[in-house]
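Let's take a walk through this structure together, one feature at a time. Have the chain open in your viewer and follow along.

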Amino acid sequence: MNQITVTGMVLHASPIGEYDRRVVILTKERGKISAFARGARRPHSALVGVTSPFTFGEFTVYEGRTSYTLVSASVSNYFSELRMDVEGAYYGFYFLDFAGYYAREYNDETLLLKLLYQTLRALTNPHLDNRLIRYIFELKAVAVNGEAPQVFECVRCGDRKRPALFCVSKGGLVCSECQRTAGDGVRLLASTLYAMQYIISSPIEKLYTFAVKEDVLDELGKIVRAYLDAYVEKRFKSLEILETIVR
């Protein structure tokens, strides 16, 4: 077995046997991996505090032929603020699940890991609206995965000047000349379209640096949810719980 050190975040942890845990870690170097943390449920184990969701840092693992074994961890951030905030925690659990859905083993998941980390940091900022954080994360996550809607030009003819509707079924904007086939098209507020363009095109470090008015936030939420319903097959239990909390 080879011992390696990876940078990542714990997405999920579950009990195995009497004292062990199985953890799923989103890593920069190996994508999404599963690792066994032996003895992690014993009260005095060094792995007790490093095998919980939201834990971010460097993880030393043995790489076996079919699985990984967690040896130790050097934690940079536990995101302990989220553990004391029920709403923030469930937003966080949903983001972990969403990232886990897209991540794959041996993929380069550097951008997805960075997005997840910056998003959890945003959740700890009391001046940011959690709903906006959610819509930014969702839209940027699909963009990182190569499934972003086309918000810069008509998906049919490439026109950038004519008035356009946003059509979920067509995957983005449809200009006035091509709208005969855009049955579900809606005209977006200019600020909503600009927000979507900014989210999709901006570096991750600059995502959580703006606010929007309530009407823009509502419209952004409707559009992003409709897009995800159409293009993301997974239905997340964590999102169902979150939506019962924030109603």
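Rings of Phe, Tyr and Trp are taken as a pair here if their centres lie within 6.5 Å, and a pair counts as stacked if the planes are under 30 degrees apart. With that in hand, and remembering that this is a predicted model, a search of the whole structure turns up 16 aromatic pairs. A good one to look at is F98 with F236: the ring centres are 5.4 Å apart and the planes meet at 25°, so this pair is stacked. It ties together distant parts of the chain, since F98 belongs to helix α2 (residues 86-102) while F236 lies in the loop between α6 (214-231) and α7 (237-245), 138 residues apart. F98 is buried, with a relative accessible area of 1%, and F236 is buried as well, at 7%. Zoom out a little and you will find both in a cluster linked by ring pairs, made up of Y91, Y94, F95, F98, Y101, Y102, F137 and F236.

F137 is a handy stepping stone to the next stop, as it is also one of the α4 residues that meet α3. How are these two helices arranged, and how far apart are their axes? Helix α3 (residues 110-123) and helix α4 (residues 130-144) pack at an angle of about 180°, with 10 Å between the axes. An angle over 145 degrees counts as roughly antiparallel, and α3 and α4 are therefore roughly antiparallel to each other. On the α3 side the contact involves L111, L112, L115, L116, T119, A122 and L123, and on the α4 side N130, I133, F137, K140, A141 and V144. Of the residues in this contact, ten are nonpolar, two polar and one charged.

Now for the backbone. Most residues other than glycine have a negative phi. Two phenylalanines are worth a look on this point. F54, in the loop between β3 (31-37) and β4 (56-63), has a positive phi of about 85°. F79, in the loop between β5 (68-77) and α1 (80-83), has a positive phi of about 50°. F54 counts as buried at 2% relative accessibility, and F79 counts as buried at 2% too.

Last, the cysteines. A disulfide needs two cysteine sulfur atoms within 2.5 Å, and by this rule the count is zero. C154 is in no disulfide, its nearest cysteine sulfur being that of C157, 3.8 Å away. C154 is buried, with a relative accessible area of 4%. For C178, the closest cysteine sulfur is in C175 at 3.7 Å, too far for a bond. C178 is likewise buried, at 16%.

Notes:
Residues numbered from 1 in each chain as written. Predicted model: local features only at pLDDT ≥ 70, side-chain atom pairs only at ≥ 80, totals over all residues. Heavy atoms only, no water. Axes fitted to C-alpha atoms, helices over the stretch in contact; angles between N-to-C directions. Helix = DSSP H or I, 4+ residues; strand = E, 2+ residues; numbered from the N terminus. Parallel < 35°, antiparallel > 145°, perpendicular 65-115°, else oblique. Contact = heavy atoms within 4.5 Å. Nonpolar A, V, L, I, M, F, W, Y, C, P; charged D, E, K, R; others polar. Buried < 20%, exposed > 50% of the residue type's maximum accessible area, 1.4 Å probe, protein only. Phe/Tyr/Trp six-rings, centres within 6.5 Å; stacked < 30°, edge-to-face > 60°.
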